[in-house]
Amino acid sequence: MTTTTDTVGLATRARDLVAANDLTALADHLYTHARFCRDDPEVRAALRLLSRADVARLVQAMAALVRHDPVRTWPVRDLIGQLSRRLPTDLAPEQLEDLAAYAVQEPYSLSPTALETVARSLLATGPLSGELVAVLVDRSDESQRLRQLIAELAGPQLDPADPWAEQILTELPTLDPVWQRLVAHASTATTPRPAASWSTAATRLLTAVDPTEARQVLDRWLTAAARTPQRQPAFINADLLRGLLWLVERTGPAPEQVRLVGGLVEAMLRRLPGIGPACPKVANAAVGVLGRLDGEAALAQLARLSTRVTYKGTRKEIDKALDARAAAMGIGRDEIEELAVPDYGLTEVGRHGMTLGGCRAELLIAGTSVTLAWFNESGRQVKSPPASVRRDHPAQLAELKGLAKEVSGMLAAQTARLDGLFLAQRTWTFGGWRQRYLDHPLVGVLARRLLWLVDGVPCGWADGALRTVDDTPVSAADEAQVRIWHPIGRPVPEVVGWREWLERHRVVQPFKQAHREVYLLTPAEEATGTYSNRFAGHILRQHQFHALAAIRGWTDRLRLMVDDSYPPTSRELPGWGLRAEYWVEGIGDDYDVDTTESGSYLRLVTDQVRFYPIAAAQNWSHASGGGYSSAQWTDARPGDPLPLDQIPPLVFSEIMRDVDLFVGVASVGNDPTWSDGGPQGRFRDYWSSYSFGELSATAETRRDLLARLLPRLAVGQRARIDGRFLMVDGDLRTYRIHLGSGNILMSPNDTYLCIVPDRGAGRLGEQQFLPFEGDNTLAVILSKAMLLAKDAEITDPTILRQIRLA
């Protein structure tokens, strides 16, 4: 047994041999006493005095000892591995040969850096042995540089099952050989962010490629990858995609390339059946690139994605990037999102014109849609791009179409952002508001169809000016305060007046504002005190509910039929210090009938809505139900729900409106094919009560609007409101369309008529003037009414059979 005194002697001996530069004796000393010398700080300090050339000779000597005496254990191999980290790059041929043989015999002894040094030095003289390549492959997971070396030797190891990967493999042999090294380098992108060494190597490789060619090739590959993914990318393919994004970052991308990066975020978050998002790590890498890029284009993409991305991990990365940009500019997060909206070269609010050859194109924003209008050489409007434009200006035509698509995406994003202003309670000075909202070339399209309060005076835009409800023009100083108008707390005559104003001026709001539902406390909620049962007892399709919740800013986890616990669906309101909870549970116990193949419940049953302080302990419930509790599942002190009468009316109304939306869209009662009650008829009673029962607040708004509009509609001569129904007199029968579900009963015996709307139903409704967008059920009801008013002309055999048999 070696004592402390002996250990001191071992260190002294090592120092003496280093001082004498007796490397042969030093190798034997370390080899014999490796167990103690390996971890002795005094020994390591002595060895650090050796030059790199001396380290190479020492490692060579110790490797020779191991090769002739392989029974030695790991301490010797570990010590050689530690020393090999300091190998020089200019090894002698004999040293290379000896160390290569040692690496094959002891594959896990040399450090990854030493392995790369030996391999690259040998490559300069000829091909590597198959045995050494096998060692490099085995160790490649330990080092990005080793992985890159393997890729350079064998080519990128892509899975051709991804069409875009197959495209890269097909193109590579036709490109300059430097692309082989670039793709190999890109495939080593195994970390969330590029290391400085990775970026340096990428920049060096890119200098060997023409910049225009680099952009074209990378654009082509990323465009192929952004096409709707049908499968989850293989692990190596995902790493390569991340590396390609990092290469784009190094090329100083133009705005159209930045848009491509933003598009890849959404492509990689598209949900695949039974899997979920296609590849979040690539989506996160793309967000990282946008966050590191300077300029308006990258900021615009982050702002757009912040309103569209619902996947929690990626949304967190987007928030971090926007927060960092806001901090760097010394402004708030709300302001950075306002400044991030580009004008896209629009020359006026909602319009962009350009000339291609002798033809003219106009990009027009109408409502929340974007169209391209074309005019030929004679100035006559035509339906599609003239042949001369397609022939002579293909690049500009493609750019214009890409711009229209980008503007359309940003318009949807800004619609969602503006809809969130009610709870944000933002205020602006009149001058700043005009610049960022009313007169902004893109946002102005939406802002001019909304109602605002200017120093407390309600006003809207019509006939080229801000006007009050009686059409008096409004002027204000730049310092006047502006905020968005909400109907809650406003006098009823004012709300009605603005609804009439919208109809008079034919203003279609991008979402409900003047017609927005207002939810006040009911006597039942005043009696319960701390919770609302207004939307309890509904059966919802889980996946539709999950998607809607994410869009509206709620946090929801898909519930599986497993032994696990789940928090309620919740929405945090930091500006108000509150958290709203909607209690839902999975329903059903038959795995083959009540779940997807992956085990997630198909349906949920709903319960209470509650409010808590934002920092209160989270509630949990078992996947199969049994009630929510915070004390049962955590050690945190249970949080008491807040009395509903203490919740600000605006907050209560907007939260309940969200919940009404969830029920109104995701309820199985909306399904016209479920008159039999679904699986085993279990939900027949619920379907009947929901399909033809009392109206929700949303449906009541729908009824009130139809009552005003029917006299002006073509179908109005054959339709009328009767309680919960829109009555339609056809030539064959009279029909009652429920204003909540859109389901239909026929005279004389209230026989059910099943009409399944197709995707064109909403467009039928759009032929009529409606003062707001977004109520697809209203559009479906109108389309059914127009169809049934002319029931004698119906040709669909399925519908006709039901009508004639009634």
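I take two residues to be in contact when they have heavy atoms within 4.5 Å of each other. I keep that in mind throughout these entries, and I also note that what I am reading is a predicted model.

**Entry 1: Val 104**

I began with Val 104, which I found in helix 7, the run of residues 93-105. Leaving aside residues up to four places away in sequence, I listed Glu 131, Leu 132 and Val 135 as the residues that Val 104 touches. I then looked up a pair that includes Val 104, and between its C-alpha atom and that of Gly 130, 26 residues away along the chain, I read a separation of 9.9 Å. Is Val 104 buried or exposed, or does it fall in between? Its relative accessibility is 32%, and because buried means under 20% and exposed over 50%, I entered Val 104 as partly exposed.

**Entry 2: the whole protein**

I next stepped back to the overall figures, and counted 35 helices and 23 strands in the protein. The C-alpha trace spans about 110 × 75 × 60 Å along its principal axes. Of the 806 residues, 51% count as buried, while the area that the protein exposes comes to about 36,300 Å², with carbon and sulfur atoms supplying 51% of that area. For contacts between residues at least 6 apart in sequence, I noted that 67% join residues at least 24 apart. I also looked up the charges, and the mean position of the 89 positive ones lies 3 Å from the mean position of the 98 negative ones.

**Entry 3: the second largest pocket**

I turned to the second largest pocket, for which I recorded a volume of about 830 Å³. Its lining is made up of 20 residues, and those closest to its centre are Glu 256, Arg 259, Leu 260, Gly 402 and Lys 405. Which elements give two or more residues to this lining? I found helix 14 (211-226), helix 16 (255-268), helix 18 (296-308) and helix 22 (394-419). Helix 22 contributes the largest share of the lining, namely eight residues.

**Entry 4: backbone angles**

Before going through the backbone, I reminded myself that most residues other than glycine have a negative phi, and that most peptide bonds are trans. With that background I marked the peptide bond from Ser 747 to Pro 748, which is cis with omega near 10 degrees. Pro 748 sits in the loop that runs between strand 22 (744-746) and strand 23 (751-753).

I then marked Gln 425, a residue other than glycine whose phi is positive, near 55 degrees. I placed Gln 425 in the loop between helix 23 (421-424) and strand 7 (428-429), and read a relative accessible area of 42% for it, which makes Gln 425 partly exposed.

Asp 463 is not a glycine either, and I noted for it a positive phi of about 55 degrees. The loop that holds Asp 463 lies between strand 9 (457-462) and strand 10 (465-467). I entered Asp 463 as exposed, because its relative accessibility is 63%.

**Entry 5: Thr 368**

Where does Thr 368 lie? I found Thr 368 in the loop between strand 4 (359-366) and strand 5 (369-375), and at 30% relative accessibility I counted it as partly exposed. Setting aside residues up to four places away in sequence, I listed Leu 411, Thr 415, Leu 446, Arg 449, Pro 510 and Glu 773 as touching Thr 368. Of these I followed up Glu 773, which is 405 residues from Thr 368 in sequence, yet 8.4 Å from it in space, C-alpha to C-alpha.

**Entry 6: Arg 85 and Ala 524**

I placed Arg 85 in the loop between helix 6 (74-84) and helix 7, and entered it as exposed, because its relative accessible area is 58%. Apart from residues up to four places away in sequence, Arg 85 touches Arg 52 and Ser 111. I also read a C-alpha separation of 9.4 Å between Arg 85 and Val 55, which are 30 residues apart along the chain.

My last look-up was Ala 524, which belongs to helix 27 (residues 523-528) and counts as exposed at 51% relative accessibility. The exposed cut-off is over 50%, so I wrote down the 51% of Ala 524 beside the label. From Ala 524 to Arg 534, ten residues apart in sequence, I read 8.5 Å in space, C-alpha to C-alpha.

Methods:
Residues numbered from 1 in each chain as written. Predicted model: local features only at pLDDT ≥ 70, side-chain atom pairs only at ≥ 80, totals over all residues. Heavy atoms only, no water. Helix = DSSP H or I, 4+ residues; strand = E, 2+ residues; numbered from the N terminus. Buried < 20%, exposed > 50% of the residue type's maximum accessible area, 1.4 Å probe, protein only. Areas by Shrake-Rupley, 256 points an atom, 1.4 Å probe, with all protein chains shown as cover. Lys, Arg positive; Asp, Glu negative; His and termini not counted. Charge placed at Lys NZ, Arg CZ, Asp CG, Glu CD. 1 Å grid on protein atoms, 1.4 Å probe; cavity = no way out; pocket = protein on both sides within 12 Å on 5 of 7 lines; lining within 4 Å. Points joined across faces, edges and corners; volume = space filled by probe spheres on them.
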